[in-house]
Amino acid sequence: MLALKSFKETLLRLLQHRTSFAGLLIVLTIVVLAIGASVIAPRGYAETDPVNRLLPPSGQYFFGTDVLGRDLFSRIVYGARIALWVGLLVTFIEALMGVTLGIAAGYYSGIVDKAISAVTDMVWAFPPVVLALGVVTVIGPGLTQVVVAIAATSWPAFTRICRAKVQSLVNREFVLAARAIGETDSSIMARYLLPNLMPSILVVSTLVLPSAILYTTALSFLGFGAQPPTPDWGAILADGAAQLRIAPWIATFPGVFIVITALGFNLLGDGLRDILDPKLRI
Amino acid sequence: MGALARYAFKKVLIGIPVVVFVTLLLFLIMKQVPGDPIRMIAGERVTQERIDELRKSWGLDQPVYIQYFYWFAKVMTGDFGYSYVTRQPVSYLVWARLPYTLELTFPALVLSYVFGVPLGVIAALGRGKSRDYVTMGISSFFYSMPTYWLGLMLMLVFGLYLRWFPISGSTSGFESLVLPMLTFTLPFIAFSARIARTEMLEVLGEDYVRTAWAKGLPSTRVILRHALRNALIPVTVMFFLDLPWIIGGAVIVETVFSWPGMGSLLYKSILRLDYPVIQGVVFIIAILIVICNITGDIVSATLDPRIRVEPEKA
Amino acid sequence: MGDTLLQSNIFTSKRAITKIQAAIIVVIIVVGAIAGAYYYSSISQPTVQYKRTLIIAIPEEPENLDIQQVSWSNEIHDLVFQNTMNFDDKMNIVPDLATAAEFDGTSIVVHYSEDAKFSNGNPITAEALRDAMERYRTLSPYGSDYDTVKEVEIVDEHTARIVLTQPSTYVWLNDIPVVYGAIVDAKAAKDVGDAEFGLKPVGSGPYKVKEWIQGSQVVLERNDLYKTNLPFVENKGPNTYIDEVIIRFIPEDVTRLSEIEAGTVDIVRGVPVDAVAKLKTDPNVVMYESLTPGVEYIMINMKKPPLDDVRIRQAFNYAVDRDEIAMTLEGTVLPCHVYMSPSHLGYSDSQEELGKNTYPYNPDKAKSLLAEAGWTDTNNDGIVDKDGQPLSFSLMIPIDEPREKRIGPLLQSQFAKVGIRVEIREFDYRYIRDQTRHWNFELAGRFYSWHDPAGILPYLLHSEYGNYTYSNPEVDKLLEEDFLGALDTPAKTELYMKLTKMWLDDAPWVPLFVNREYTAVRKDVQGLHVMPPFATLFIQDARVIAPTGQQISPWASLLMNMVLFANLAYVTGRKDDS
């Protein structure tokens with residue numbers, strides 16, 4: 001069962017757990033890169049210098065340059081900012097939507113539950129890329145649009161977990177007691193149910209974030225996401241695909257960073273799950 | 001079987017309005033999209049009258065609801081209309097490309113489960129030991145990998161440097177299939193391994209398993225079989241839920257490798273606002289999802305008697 | 001245990017001599033295999049062998065194979081359909097399907113030979129031409145081409161007179177010598193329906209459609225009824241050296257490049273920018289280069305303030321460093337300051353000179369113009385502003401036009417240097433075209449490609465026909481002169497010189513460059529003609545030399561020999577036993 005652990009205790013166990021420690025390290029590195037981008041990156045991410053285009057990695061250009069002579073290393077470092085920002089935003093929106101719907105479905109049951117579950121199942125089963133493409137077609141291309149599009153596809157992860165948990169909690173004594181003394185539904189949900197869900201929500205968030213990064217970069221890769229010259233890792237990769245033969249570094253490095261970032265969060269999430277809520281099925 | 005049949009029938013009844021809802025929503029949304037496909041397909045040297053004439057001939061001058069009604073009615077007879085861009089029947093386009101997607105994704109899906117599930121089970125059984133970490137470590141690695149990047153890297157190494165496989169198109173027979181299928185399969189193996197491991201761990205932690213172990217029942221094999229069977233139920237259900245993926249999930253792989261399947265058709269159609277094609281493909285995906293959901297539910301109900309009694313707790 | 005598989009043979013026998021024998025056999029066989037492989041592959045053929053299939057790789061799959069149903073044409077249409085007349089390398093109009101054609105300003109007379117036939121055997125007659133033109137008018141997005149056609153008179157079975165409503169060179173220059181005006185078997189189309197005809201059209205070109213594998217390729221087979229009157233080809237009938245032409249759609253630059261280097265395709269169209277220099281030095285490849293009759297440019301929405309201020313538009317023109325663009329595109333484009341290409345009828349070098357002198361690359365001049373218009377950088381953020389508003393625009397870049405897509409961020413930098421912020425949004429080109437038609441844009445990357453300026457510029461720059469945001473009644477009048485009138489080339493040249501001056505003054509566009517089309521052809525392909533204006537491939541005289549010594553691949557023979565060895569070993573082993 002869930003036991004509410006204190007922050008310190010959780011952190012301590014995180015550091016002891018092998019996978020989550022590795023994950024934490026990676027995540028922190030990326031965060032540092034993102035925050036310190038303007039200091040770490042030797043050049044701006046939009047500085048075109050066509051004379052020096054398509055140069056291989058060297059001491060001067062750590063990851064080489066792209067077709068317009070822009071420094072790939074700088075672009076990737078700034079790209080960390082975008083990846084994290086986008087990931088957090090998407091996860092937050094999804095959590096907001098998903099948790100609300102999940103609690104409602106679990107608490108009210110009956111037709112509310114049926115309706116929400118039907119919609120949730122449908123969205124959950126729909127291939128996310130297709131759904132996101134559909135949304136982007138309507139609202140146009142762009143990074144903000146992609147955030148909305150992806151957020152609209154993966155919130156069921158939160159809903160299902162919350163619904164299941166709420167269902168198991170809703171008949172417990174403390175809830176029944178709260179109802180007996182006349183507390184409102186929303187008060188019960190906020191004061192009793194939500195705190196019990198927080199650990200799971202945290203775990204799910206950590207595991208959903210890398211997904212968000214993977215999907216948003218995928219949409220950028222397809223041309224619907226970040227617009228030039230935004231150094232979204234997926235967009236850089238897409239540019240590099242055409243030069244795969246003569247300048248493979250342009251497509252390789254952004255991918256490496258995407259993998260590392262996603263891996264970091266996945267490992268962290270796995271570790272968190274083992275600590276906070278081992279029975280979580282995700 | 002009476003209860004099961006009723007259960008299935010109920011699900012189908014819910015499924016139909018869902019399909020209608022999805023396609024209607026799509027239809028309405030498409031009409032809101034900025035950009036007029038008729039104007040878009042008309043070339044450069046065209047007058048306004050010509051554009052109006054073309055629009056009329058496509059029946060696009062009528063109100064939206066009437067258009068949807070005609071479209072749905074025709075779809076019921078199997079007529080998905082004509083592509084704005086190529087003027088070919090949508091059913092022909094889909095029919096021509098469906099086999100390519102299926103030959104790529106279906107084997108990939110099956111293979112991922114065939115390789116992934118045992119991996120997950122092995123990891124679960126060896127929990128905490130090195131094989132758990134190693135398997136899950138590698139699996140996490142592939143799970144964190146963007147498919148398009150994996151595709152490009154495979155293309156780079158095996159296609160361009162080593163020249164073992166063709167890097168795009170489907171014209172070299174089996175060889176062309178290798179790289180796209182590998183790209184599709186590897187992350188999926190990781191995914192199914194994770195799920196299998198989670199389910200297996202869940203079951204292994206159950207009381208009856210612990211009791212049996214405590215009692216020292218002869219073979220771990222017996223336990224394994226029991227535990228495995230119970231763990232495999234949700235895994236099988238996942239398999240069915242993943243099936244709709246075989247149509248839409250291949251969009252990226254097909255785009256990277258120029259694989260002429262439904263995924264790249266959908267992508268191109270969305271770029272060019274070729275509504276009839278988009279609607280047709282989405283309709284098929286929606287139907288497939290409903291079918292797969294129902295099948296998944298039926299399968300889990302058949303395998304797990306508890307579910308039939310309390311279907312909502314599944 | 002009974003491992004029946006492990007028979008007593010040289011592997012299991014303990015007799016040392018047998019093992020040595022075995023070793024010797026192994027050495028001999030392996031050496032023999034390798035030697036045999038090399039021997040086979042180095043046999044030189046006494047006579048030249050021909051490959052009977054020509055494989056062409058193109059970047060994009062056509063929408064439809066019926067020329068009357070498409071908005072852009074490609075190599076497949078050029079091979080399946082036959083133009084009534086055609087252009088030679090000097091852009092003279094010469095006979096192709098027609099034995100002759102005359103144009104007197106108000107009517108066009110087309111003569112067919114008596115045995116001219118479609119690929120399905122139906123005769124090509126004046127009536128067939130009339131039916132085809134009728135079908136074009138109703139079906140094609142360019143149907144309005146025939147608005148100036150009053151009627152098609154049947155002079156006799158093989159002669160047709162196209163009567164125009166007024167004197168105009170339009171149909172003569174824009175339909176007759178071009179593949180869009182090629183004749184199709186309208187009767188056959190009626191029989192099978194347009195959808196089916198779009199999969200397997202019937203024309204009179206040198207090849208006909210065998211099959212279309214969606215998303216992959218189109219296979220064409222020779223049309224044995226083909227006949228032409230083109231003066232610049234030697235073989236005026238079917239090409240007996242090439243039985244089939246396979247046209248493969250390969251959107252990836254990387255793949256097209258690999259395939260031509262490996263020799264798995266014979267011709268590549270749309271050679272990617274990065275590959276041009278490399279392929280030019282490849283001894284196995286011959287490169288054909290042609291200047292597109294068209295311009296790539298930025299269209300400006302003149303109705304949207306502050307873009308309605310000519311000084312802003314001029315500033316854009318001064319801010320573009322076209323040489324830097326050409327360098328970034330590896331020299332595959334020609335910088336262009338004007339609205340027409342050197343490949344155009346009516347172009348003259350003095351046009352480009354005028355353009356260059358009017359708007360040389362001068363970022364300082366751009367800045368001063370902006371300042372004149374009231375835009376200066378008051379808050380030191382690098383972007384000029386006025387009344388607190390920064391000078392910022394959205395630029396729509398076509399995601400499917402590789403050159404404009406590539407230099408999008410470069411343009412951004414160049415504009416930023418003079419203080420203008422430009423935000424890029426990438427879209428499908430058709431969408432951009434549509435939005436610009438609806439005046440729903442600020443800046444848009446666009447291009448056009450057509451050999452006759454009268455057949456395209458009115459649709460872009462005339463206030464009525466074009467219906468874009470540019471409107472200048474004097475320009476309209478001049479454009480109409482060529483569009484509706486019948487001008488000869490010197491008059492055309494003078495006219496467009498005048499128009500160029502007006503366009504430069506109004507600055508509705510920022511012309512960027514003229515594209516160079518590259519076609520890479522393997523050395524083994526001989527007799528190919530690549531003709532203006534669109535670098536069309538004429539394969540009537542072509543033949544493909546088969547690479548020598550491809551009888552047996554070395555690996556295959558090695559494998560064969562190893563199988564032989566295995567059998568030998570088995571047999572030897574058995575013998576040993578008894």
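## Close-ups of a predicted three-chain model

**View 1. Strand S21 of chain C and its partners.** In S21(C), C:Ser290 has C:Glu517 as its bridge partner. That pair belongs to a run of seven bridges between S13(C) and S21(C), two strands that run antiparallel. Keep in mind as you look around that this is a predicted model. S21(C) has several other antiparallel partners. Strand S14 (residues 296–300) of chain C pairs with S21(C) over four bridges, and here C:Ile298 is matched with C:Val510. Strand S15 (residues 333–335) of chain C is joined to S21(C) by three bridges, with C:Val333 partnered by C:Asn515. S12(C) also pairs with S21(C) over three bridges, and C:Ile267 stands opposite C:Val521 there. How much of S21(C) is covered? Most of the strand: 12 of its 14 residues are buried.

**View 2. Helix H7 of chain C, tucked in.** Eight of the 10 residues of helix H7 (residues 253–262) of chain C are buried, so the helix is largely enclosed by the rest of the structure. The buried ones are C:Asp253, C:Val254, C:Thr255, C:Arg256, C:Leu257, C:Ser258, C:Glu259 and C:Ile260. What do they pack against? Within chain C, the partners are strand S2 (53–58), strand S12 (267–269), strand S13 (285–291) and strand S21 (509–522), and H7 of chain B joins them from another chain. Right after H7(C) comes C:Gly263, with a positive phi near 85°.

**View 3. Strand S11 of chain C, with a parallel and an antiparallel partner.** S2(C), one of the strands that H7(C) packs against, pairs in the parallel sense with strand S11 (residues 244–249) of chain C over six bridges. Look for C:Thr53, which sits opposite C:Glu244 in S11(C). Strand S10 (residues 217–222) of chain C pairs with S11(C) too, but in the antiparallel sense, over five bridges. In that pairing C:Leu220 stands opposite C:Val245.

**View 4. A four-stranded open sheet in chain C with a helix across it.** The strand order is S5-S6-S8-S7 (chain C), and the pairing is antiparallel. The edges are strand S5 (100–103) and strand S7 (149–156) of chain C, each paired on one side only. On average, neighbouring strands of this sheet are turned by 15° against each other, ignoring direction. Further in, strand S6 (residues 107–111) and strand S8 (residues 159–164) of chain C share five antiparallel bridges, and C:Ser107 has C:Val163 in S8(C) as its bridge partner. Helix H3 (residues 126–139) of chain C lies across S6, S7 and S8 of chain C, at about 165° to S7(C).

**View 5. Where chain B touches chain A.** The contact draws 36 residues from chain B and 33 residues from chain A. On the chain B side, the elements giving two or more residues include helix H1 (2–32), helix H8 (174–204) and helix H14 (275–303) of chain B. Which element gives the most? H7(B) does, with seven residues. By class, this side of chain B has 27 nonpolar, eight polar and one charged residues.

**View 6. Where chain B touches chain C.** Here 34 residues of chain B are in contact with 34 residues of chain C. Helix H2 (37–41), helix H3 (48–57), helix H5 (90–125) and H13 of chain B each give two or more residues to the chain B side. That side divides into 14 nonpolar, 12 polar and eight charged residues.

**View 7. Confidence along chain B.** The mean pLDDT of chain B is 78, and 85% of the residues score at least 70. Where is confidence highest, and where is it lowest? H7(B) has the highest mean, at 88, while helix H15 (residues 305–309) of chain B has the lowest, at 54. Over residues 308–314 of chain B the pLDDT is below 50, and this stretch has seven contacts in the model beyond near neighbours in sequence.

**View 8. A:Ile26 and its surroundings.** A:Ile26 lies in helix H2 (residues 18–35) of chain A. Is A:Ile26 buried, exposed or partly exposed? It has 19 other C-beta atoms within 10 Å, so it counts as partly exposed; 20 or more would be needed for buried. Beyond its neighbours within four places in sequence, A:Ile26 is in contact with A:Ile260, A:Leu263 and A:Gly264.

Terms used: Residues are numbered from 1 along each chain as its sequence is written. Chains are lettered from A and ligands numbered from 1 in the order in which they are written. This is a predicted model: local features need pLDDT of at least 70, side-chain atom pairs count only at pLDDT 80 or more; totals for chains, interfaces and linings use all residues. Two strands pair if DSSP finds at least two bridges between them. Axes are lines fitted to C-alpha atoms, for helices over the stretch in contact, and angles run from 0 to 180 degrees between N-to-C directions. Two residues are in contact if their C-beta atoms, placed from the backbone, lie within 7 Å. Ala, Val, Leu, Ile, Met, Phe, Trp, Tyr, Cys and Pro count as nonpolar, Asp, Glu, Lys and Arg as charged, and the others, Gly among them, as polar. pLDDT is the predictor's confidence in each residue, from 0 to 100.
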